[in-house]
2 protein chains.
Amino acid sequence: MTYGMMIEALAAPTRRAVFERLAQGPASVGEVAKGLPVSRPAVSQHLRILKEARLVSERREGVKRIYAVDPEGLAVLRRYFDRFWDQALDNFKRSIEGGDT
Amino acid sequence: MTYGMMIEALAAPTRRAVFERLAQGPASVGEVAKGLPVSRPAVSQHLRILKEARLVSERREGVKRIYAVDPEGLAVLRRYFDRFWDQALDNFKRSIEGGDT
DNA sequence: CATACTGGTAAGTGATGACTTACGGAATGA
DNA sequence: TCATTCCGTAAGTCATCACTTACCAGTATG
């Protein structure tokens with residue numbers, strides 16, 4: 001069910017923006033907040049959700065906390081959609097072959 | 001921005017269940033509703049969202065409406081995640097190569 | 001110690017959204 | 001035409017959630 005949390009995490013536009021920012025490269029909370037039209041606490045809350053969903057990881061560096069996307073989490077999501085992709089192609093093929101006996 | 005609508009569409013658990021049911025094969029509204037713990041109108045509303053997001057397509061068959069997943073929509077989502085996958089691998093490589101001089 | 005950064009947490013608010021029941025409307029079969 | 005089956009839509013409700021401001025804790029630097 002972990003992919004469920006991931007999809008829900010990426011559903012909120014602002015949170016998706018946070019994630020896409022981190023995809024460009026690791027950043028601190030303040031750095032992410034600077035590029036977004038929301039407050040820093042809002043970003044902090046979004047990062048918590050993303051971290052719980054295993055989409056980003058946190059690394060402490062002195063007084064800062066550096067967040068980065070977690071490749072393993074992304075892999076889970078990719079596998080999820082790949083599965084449906086295969087099923088969809090299967091169904092599509094079957095429907096063409098007129099197999100609705 | 002169409003992938004945004006898609007992710008938001010798949011965020012709701014019930015709606016994701018509707019989509020996953022259709023991934024197994026096309027079905028009518030009633031058939032989908034029969035396998036879920038929600039009312040038929042609820043399923044109907046979910047299907048509308050999924051259709052607007054281009055994740056499913058509708059085909060009229062007599063008095064019935066057959067819904068099926070739209071492979072093109074799925075392709076858009078896959079491309080979206082593939083892009084981040086590539087970026088994530090790039091960042092990962094860079095971080096290993098100790099490039100934080 | 002005092003100050004200035006960092007950032008997580010609490011509490012409150014306004015909006016969104018996922019449901020329900022009730023209804024209407026189109027196609028089939030007698 | 002009448003009844004039946006299929007389904008979308010309207011309206012209302014309850015919960016969730018994304019955001020704000022205010023506050024507090026930890027780490028450097030004078």
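A salt bridge is counted here when a side-chain nitrogen of Lys or Arg lies within 4 Å of a carboxyl oxygen of Asp or Glu. By that rule, four salt bridges cross the interface of chain A and chain B. The model is a predicted one, in which local features need pLDDT of at least 70 and side-chain atom pairs count only at pLDDT 80 or more, while totals for chains, interfaces and linings use all residues. Residues are numbered from 1 along each chain as its sequence is written, chains are lettered from A and ligands numbered from 1 in the order in which they are written, and side-chain values use heavy atoms, with hydrogens and water left out.

We turn next to the protein–protein interface. One of its salt bridges joins the side chains of Arg78(A) and Asp82(B), at 2.3 Å from N to O. Four residue pairs, both members at pLDDT 80 or more, are also in polar contact across the interface; a polar contact is a pair of N or O atoms within 3.5 Å, where within protein one must be able to donate a hydrogen and the other to accept it, and residues adjacent in sequence count only if both atoms are side-chain atoms. On the chain A side, the elements giving two or more residues are helix H1 (2–11), helix H2 (13–23) and helix H5 (71–96), helices and strands being DSSP runs (H or I, at least four residues; E, at least two) numbered from the N terminus. H5(A) supplies the largest share, 13 residues. By class, this side has 18 nonpolar, five polar and five charged residues; Ala, Val, Leu, Ile, Met, Phe, Trp, Tyr, Cys and Pro count as nonpolar, Asp, Glu, Lys and Arg as charged, and the others, Gly among them, as polar.

In total, 28 residues of chain A are in contact (heavy atoms within 4.5 Å) with 28 residues of chain B. The two chains bury about 2,600 Å² between them, 67% of it on carbon and sulfur atoms, where buried area is the accessible area (1.4 Å probe) that two parts lose on being put together, summed over both. Within chain A, Arg78(A), Phe81(A) and Trp85(A) lose the most area to chain B, together 23% of what that side buries.

The DNA strands come next. Around DNA strand C there are 22 residues, of which Ser44(A), Tyr67(A), Thr14(B), Ser39(B) and His46(B) come nearest; a residue is near a strand if one of its heavy atoms lies within 4 Å of it. Sugar and phosphate make up 63% of the strand C atoms within 4 Å of the protein. Phosphate oxygens of this strand lie 2.6 Å from a polar side-chain atom of Tyr67(A) and 2.4 Å from a side-chain N or O atom of His46(B). H4(A) gives the most to this surface, with five residues.

DNA strand D is likewise surrounded by 22 residues, the closest being Thr14(A), Ser39(A), His46(A), Ser44(B) and Tyr67(B). Of its atoms within 4 Å of the protein, 59% belong to sugar or phosphate and the rest to bases. A polar side-chain atom of Arg15(A) is 3.0 Å from a phosphate oxygen of strand D, and a backbone N or O atom of Gly30(B) is 2.9 Å from one. H4(B) provides the largest share of this surface, five residues.
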